[in-house]
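Q: I am new to reading structures, and I would like a close look at a single part of this one. Please start there, explain the reasoning as you go, and then show me what else is worth finding in the chain.

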Amino acid sequence: MTAWFRRKEKGIQTATEEKKDTPKGLWYKSPTGKIVESEVLAKNFYVSPEDDYHVRIGSKEYFEILFDDNKFRELDAKLTSKDPLKFEDTKKYSERLKAAQKKTGLNDAVRTGFGKSLGKDIVIACMDFNFIGGSMGSVVGEKIARAIDYAIKRKVPFVMISKSGGARMMEAALSLMQLAKTSAKLAQLAEAKLPYISLCTDPTTGGTTASYAMLGDINISEPGALIGFAGPRVVKEATGKELPDGFQTAEFVKDHGFLDFISHRRDLKKKINLYIDLIQNNPIRTEKASA
């Protein structure tokens, strides 16, 4: 037998720098084990076509989906967090911020934009989980508040896309103050009789759930999203009871009156604008009519 079919030397002989690896990002494996090409995934609104699993995405992708031709004006793009408490755990908060900004290319855990969706003006705020777990700090609260002010000034609807692990512990009470701040601003939006659509995505937890995420005129979610205040482990320990199947999934909380609707990601643009038209008693728009 030739050496083609028999290893002459034991062990792997190829130097690390000479190994031929498949480039990263070409394939995606869903939690159910389904494998899909990244290009196919993107064309399918970042939803695995075989098992309908909604992959976590950020503001870049949501803005592409919701704004017409992905055209929008970003609001308060340069707003960044400070470190007023000089907080330090395993590393300094100031260093953690710089690392997150470098890794994600974002300035903080929310981006806000103004543009058209199905032909009409809209303000959208979208959280990014990749930035310190989508945690809500002073900048997140301030940017959301300013986005609501912008919507009121322009007399246009406001959409909030939540994706968060909760309040940012490194800012302590300053972070918790954002719950009241954003809630007060949403009350002003309601007084101006402008629609507010809240979209809960995977995950929406903690102080985010306890404030603006659940204050929409209509609260919607994507399939399978984790939605709750405390995590299942904490709830189980606090209640001393076994939790039911599907606890804190979008489907479970909808069945218990926590959500109004669940929408597939491919239908988000159509559904959000449908709800806005219904709230404002306007003719129902279609993508064809707005083109």
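**A helix and the rest of its chain**

A: Just after helix α3, G105 takes a positive phi of about 75 degrees. Keep in mind that you are looking at a predicted model. Let us step back from G105 into the helix itself.

Helix α3 covers residues 93-104, which makes 12 residues. At 1.5 Å a residue it should span 16 Å, and its end C-alpha atoms are indeed 16 Å apart, so the two values agree. Now look at which residues are hidden: Y93, L97 and A100 are the buried ones in α3. Because they cover an arc of only 65 degrees around the axis, they sit on the same side of α3. The general idea behind this is friendly to remember: an α-helix has 3.6 residues a turn, so residues three or four places apart point the same way. Turn to the other side of α3 and you find K98, K102 and K103, which are exposed. So α3 has its buried residues on one side, and three exposed lysines on the other.

It helps to see the setting of this helix. The chain holds 10 helices and 9 strands, and its C-alpha trace spans about 85 × 50 × 45 Å along the principal axes. Of its 291 residues, 43% are buried. Among contacts with a separation of 6 or more, 67% are between residues 24 or more positions apart.

Helix α4 is a good one to set beside α3. It has 17 residues and reaches 24 Å from its first C-alpha to its last, close to the 24 Å expected at 1.5 Å a residue. Its buried residues are V139, V140, G141, K143, I144, A145, A147, I148, Y150 and A151. What covers them includes the strands β3, β4, β5 and β6, along with helix α5. After α4 comes K155, whose phi is positive, near 60 degrees.

The pairing with α5 deserves a closer look. In general, two packed helices are described by the angle between their axes and the distance between the axes. Here α4 (residues 138-154) and α5 (residues 172-191) pack at an angle of about 10 degrees, with axes 8 Å apart. An angle under 35 degrees counts as roughly parallel, so α4 is roughly parallel to α5. Residues of α4 that meet α5 include S138, I144, I148 and I152, while α5 brings residues including L174, K181 and L189.

You have now met positive phi values at G105 and K155. Most residues other than glycine have a negative phi, and most peptide bonds are trans. That makes a few other spots fun to find. D69, in the loop between α2 and β3, is not a glycine, yet its phi is positive at about 55 degrees. With a relative accessible area of 67%, D69 is exposed. I132, in the loop between β5 and α4, has a positive phi near 45 degrees. At 21% relative accessibility, I132 counts as partly exposed. For a peptide bond that is not trans, go to the step from D202 to P203, which is cis with omega near -5 degrees. P203 lies in strand β7.

Cysteines are another natural thing to check. A search of the whole structure finds 0 disulfides. The sulfur of C126 is 12 Å from the closest cysteine sulfur, in C200, and that is too far for a bond. C200, likewise, is in no disulfide. Both residues are hidden: C126 is buried at a relative accessible area of 0%, and C200 counts as buried, also at 0%.

Finally, visit Y46, in the loop between α1 and α2. At 19% relative accessibility, Y46 counts as buried, since the cut-off is under 20%. Leaving aside residues up to four places away in sequence, Y46 touches residues including L41, Y53, H54 and R265. The C-alpha atoms of Y46 and R266 are separated by 9.1 Å, although these residues are 220 apart along the chain.

Terms used. Residues are numbered from 1 along each chain as its sequence is written. This is a predicted model: local features need pLDDT of at least 70, side-chain atom pairs count only at pLDDT 80 or more; totals for chains, interfaces and linings use all residues. Side-chain values use heavy atoms; hydrogens and water are left out. Helices (H or I, at least four residues) and strands (E, at least two) are DSSP runs, numbered from the N terminus. The expected span of a helix is 1.5 Å times one less than its number of residues. Buried means under 20% relative accessible area, exposed over 50%, partly exposed in between (1.4 Å probe, protein chains only). The arc is that of the directions from the helix axis to the C-beta atoms. A disulfide is a pair of cysteine sulfur atoms within 2.5 Å. Axes are lines fitted to C-alpha atoms, for helices over the stretch in contact, and angles run from 0 to 180 degrees between N-to-C directions. Angles under 35 degrees count as roughly parallel, over 145 as roughly antiparallel, 65 to 115 as roughly perpendicular and the rest as oblique. Contact means heavy atoms within 4.5 Å.
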